[in-house]
Amino acid sequence: MRALRESRGQSQGEFADWLNGKLGRRYDNATISRWESAAERIPAKVAEFLSREAGRPARVIAVANQKGGVAKTTTVASLGVALADQGLRVLLVDLDAQSSLTFSLGVDPDEVEFSVHDVLVGDQDAARAVVRTAEGVDLLPATLDLSGAEAYLAPLEGREFV
């Protein structure tokens, strides 16, 4: 249980809230603590639910359109926050050098330490570039530097897989 909670990046209280929302129960963080320390047995229905959740594969949803002004950023931000509100872990990736999604989620591109550009050119692991937003989603932010990534990647063989 602890591994699942930690993989979700949640405190015991947040995990209890998520679990309560999913199961319609009223567990508190003290109960979660007792379950994690094996001081109390996890109820069978809870254990069954958690085993299903732990084994659930990630889903990837891509929103793309070459035309501008078709609500791509709005769709991604709204869908991401709605999924997070349902208790799912969400990672949004901003692949626009204008940083529209990054701005929309309240993150200043000039303030981030690492961005998707750093990940694409191999300077940084994605996990180090991810930031947690106030809306409860994780974001791999974009900066203006992303506009130079195409020139950097152009001579590389297999660049389309980066």
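Which helices do the buried residues of α2 pack against? They pack against α1 (2-7), α3 (29-36) and α4 (44-54). Please keep in mind, as you look around, that this is a predicted model. Below is a short tour that starts at α2, moves on to α5 and α6, and then takes in the sheet and two loop residues.

**Helix α2 and its end**

- Helix α2 covers residues 12-23, twelve residues in total.
- From first C-alpha to last, α2 reaches 16 Å, which is close to the 16 Å expected at 1.5 Å a residue.
- The buried residues of this helix are F15, A16, W18, L19 and N20, and these are what pack against α1, α3 and α4.
- Just after α2 comes G24, and the phi of G24 is positive, near 65°.

**Helix α5: two neighbours in sequence, L79 and G80**

- Both residues belong to α5: L79 is found in this helix, which spans residues 72-85, and G80 is found there too.
- L79 has a relative accessibility of 34%, so it counts as partly exposed.
- Together with I61 and V63, L79 makes a nonpolar surface patch of about 250 Å².
- G80, on the other hand, counts as buried because its relative accessibility is 3%, under the 20% cut-off.
- If you set aside neighbours within four places in sequence, G80 is in contact with V90, L92 and V137.
- For a sense of scale, take G80 and S37: they are 43 residues apart in sequence, and their C-alpha atoms are 33 Å apart in space.

**Helix α6: T102**

- T102 sits in helix α6, residues 100-104.
- Is T102 buried or exposed? Its relative accessible area is 0%, so T102 is buried.
- Leaving out neighbours within four places in sequence, the contacts of T102 are D94, V107, P109, L139, P141 and A142.
- One of those contacts, L139, falls within strand β3 (residues 138-140), which brings us to the sheet.

**The three-stranded sheet**

- The sheet is open and has three strands, in the order β1-β3-β2, with mixed pairing.
- Why is one side of β1 and of β2 left without a neighbour in the sheet? Both β1 (91-93) and β2 (131-132) stand at the edges with a single partner strand each, so one side of each has no neighbour there.
- Strands β2 and β3 run antiparallel and are joined by two bridges.
- For a concrete pair to find on screen, R132 has D138 in β3 as its bridge partner.

**Positive phi in two alanines**

- A38 lies in the loop between α3 and α4, and its phi is near 65°, a positive value in a residue other than glycine.
- With a relative accessibility of 66%, A38 counts as exposed, since the cut-off for that class is over 50%.
- A71 lies in the loop between α4 and α5, and it has a positive phi of about 75° although it is not a glycine.
- A71 is partly exposed, because its relative accessible area is 38%.

Technical notes: Residues are numbered from 1 along each chain as its sequence is written. This is a predicted model: local features need pLDDT of at least 70, side-chain atom pairs count only at pLDDT 80 or more; totals for chains, interfaces and linings use all residues. Side-chain values use heavy atoms; hydrogens and water are left out. Helices (H or I, at least four residues) and strands (E, at least two) are DSSP runs, numbered from the N terminus. The expected span of a helix is 1.5 Å times one less than its number of residues. Buried means under 20% relative accessible area, exposed over 50%, partly exposed in between (1.4 Å probe, protein chains only). Contact means heavy atoms within 4.5 Å. Patches are made of residues with over 30% relative accessible area and no salt bridge: like charges are joined within 9 Å, nonpolar side chains (Val, Leu, Ile, Met, Phe, Trp, Tyr) within 5 Å. Accessible areas come from the Shrake-Rupley method with a 1.4 Å probe; for residues, only the protein chains shown count as cover. A salt bridge is a side-chain nitrogen of Lys or Arg within 4 Å of a carboxyl oxygen of Asp or Glu. Two strands pair if DSSP finds at least two bridges between them.
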